[in-house]
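Here are some notes to read alongside the coordinates. I have grouped them by topic, so feel free to jump around.

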Amino acid sequence: RPPRSTHCISSAASDVYKRQVSGFDGLYGQDSYAYLDQARKIQAWMQDGSPTGQFFWTRNYPLLGALWPFGGLQYWMQFLSIVGISLSVASIIGCTQNNGKRSVWLGPIVMILLGLSPFFLRNALSIMSDSLSIGLLMGGIWAGDSAWKRKRMSGVLLGAFLLGAAVWMRNPLLLLAFPIFSYWVFRCIKAKQFLPILGMLALFFVTALPELLILPSKGGNAYLASVKHSYLQDWSFLNFFKREFIDTEGHQRYKLPNLLALTGAIWHLGYWGIGVLGIGLHALGRKVITTKVSWTLIAGVVLYVLLLAGIPFQNNRFLLPLLPFVALWLVGGWIWLMEKVQRKFAILLITAFFLTNLLFAGYINLKIVTRSQMEVEIATELPLRITSDETLFEFGMGIMLDAREVAVQHHTMYDSLQIAPKKGDWVLFNLKMNREVWKGKWPMRNWESINAEFEAQISQEWEGGWTLYELQ
């Protein structure tokens, strides 16, 4: 039975989480606002048939949000993300136990290692599809692994459904799911069980139907759009060794070339906190937790890494799907340490591990809370300054203004301006952030054109360089 301190740790974690996210509604950056906005449009579509419009990603995550029949839509979508990270934790524990490694320390270690991963926790507290899709992927692996060991085909069918739900919620996860699903099909063929294969295929693809049939968009479905994504079009082996790119996202410079940056999923403190010590502990204890289908997990990871290494962009979100697989490896070293020392010392170690990672996660994620609060301040301030006959020209805040239902007329500076600015209009722009990234492109060209014609007087400044200008 887990030590009593585990319950204390869980209670403390809950209290700290509440304090950490106090005032944070899961919205920050453009992606989270886009998901919330699409969920609202789907709700309108279900009520009166209003078109959902074009949407960059697949709609299964906002669809799940839109099915919530009560108020507080954004908090429900935030809760779905928390369910995702919880399912990932449970799946790692289940897969590890399935393969013979049972320890009273297993649950607490996985909860701290993965549940308090700073970057993963940040995503799980936000309105993003990553956490839930990863949880569904790991849940599918757990269901399938358990089913094969118990020889229950119903569990394999459940696993196929969860894998499909993960893939059609976030398409790149197909590379992680494909080897696993193929292995299950191979086992059915080897056992001459052909009917379950049809069931697996049907359940895998049924979760794609909302995007293909129920929620058609004006410009086609998101699956076809994913294939035409600029990242895939510009994929190249040469990008493995580059750290500077010029594309639709502007001029991006990174600290490490793509291939080295991907190794951060193993050693970066932002993913693991002091959990990275598990690498050394793993080597000392020589405790490798594997499964009989571990080669399929490795094959999926390799395919996914090859995809990320070749695209002209880096984002720590893209590495999140790799974390549960790395956790399967790191957890062995920590269990070895806890079982090596005396119980009292092990309790002190696990408590120190918990507190350190909790503080580390809180420190790293304070940035998004600050950003969210700043966006709320901007959304509150703009209607007080901008009248109905005045226009706000902005770059990077448009979807936030729509999602927070800010009653100001605004136009983006991403492309050529559709209307001409006039005296008395306003500009919301981050010159510090955009000067080099968008040099020579429309956002900076529009900014320079406006400044050449008008005097942009600073009306208010916010943290990080965001500034509201009034045109004189």
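Is E375 buried or exposed? Point 1 takes this up, and the other points follow from there.

1. **E375 and its surroundings.** Please bear in mind throughout that this is a predicted model. E375 is buried, with a relative accessible area of 1%. This glutamate lies in helix α20, and its side chain makes polar contacts with the side chain of Y33 at 2.4 Å and with that of R371 at 2.6 Å. Setting aside neighbours within four places in sequence, E375 is in contact with L27, Y28, G29, Y33, M397 and M400.

2. **The E375–R371 pair.** The side chains of these two residues also meet in a salt bridge, 2.6 Å from N to O. Both partners lie in helix α20, four residues apart, about one turn of the helix. Their accessibilities are worth a look: E375 is buried at 1%, whereas R371, at 23%, counts as partly exposed because the cut-off for buried is under 20% relative accessible area.

3. **Helix α20 itself.** You can follow this helix over residues 343–385. It has 43 residues and reaches 62 Å from its first C-alpha to its last, close to the 63 Å expected at 1.5 Å a residue. Do have a look at N365 too, where α20 bends by about 35°.

4. **The nonpolar cores.** The largest nonpolar core has 124 residues, and I141, L163, W272, L382, L392 and L428 are those with the most contacts inside it. Helix α20 supplies the largest share of this core, 13 residues. A second, separate core of 13 residues includes F393, V427, F429 and F454.

5. **What L392 touches.** L392 would be a good residue to centre your view on. Beyond its neighbours within four places in sequence, L392 is in contact with residues including L382, I386, L401 and V408. Its contacts also include Q409, H410 and H411, along with W426, V427, L428 and L468.

6. **Salt bridges around D130.** How many salt bridges does a search of the whole structure find? The search finds ten. One of them joins R170 to D130, with the closest N and O atoms 3.2 Å apart. R170 lies in the loop between α8 and α9 and D130 in helix α7, so the pair ties together parts that are 40 residues apart in sequence. Both R170 and D130 are buried.

7. **From D130 to R317.** D130 forms a salt bridge with R317 as well, the closest N and O atoms being 2.8 Å apart. R317 sits in the loop between α18 and α19, and D130 in helix α7, so this pair ties together parts that are 187 residues apart in sequence. D130 and R317 are both buried.

8. **I197, away from the charges.** For a nonpolar example, try I197 in helix α10, which spans residues 195–206. With a relative accessible area of 11%, I197 is buried. Not counting residues up to four places away in sequence, I197 touches V185, C188 and I189. Measuring between C-alpha atoms, you should find I197 and A160 9.8 Å apart in space, with their positions 37 residues apart in sequence numbering.

Notes: Residues numbered from 1 in each chain as written. Predicted model: local features only at pLDDT ≥ 70, side-chain atom pairs only at ≥ 80, totals over all residues. Heavy atoms only, no water. Core = buried A, V, L, I, M, F, W, Y, C linked by side-chain atoms within 4.5 Å. Buried < 20%, exposed > 50% of the residue type's maximum accessible area, 1.4 Å probe, protein only. Helix = DSSP H or I, 4+ residues; strand = E, 2+ residues; numbered from the N terminus. Contact = heavy atoms within 4.5 Å. Expected span 1.5 Å × (residues − 1). Bend = angle between axes of the 7 residues up to and from the residue. Polar contact = N/O pair within 3.5 Å; in protein donor to acceptor, adjacent residues only side chain to side chain. Salt bridge = Lys/Arg side-chain N within 4 Å of Asp/Glu carboxyl O.
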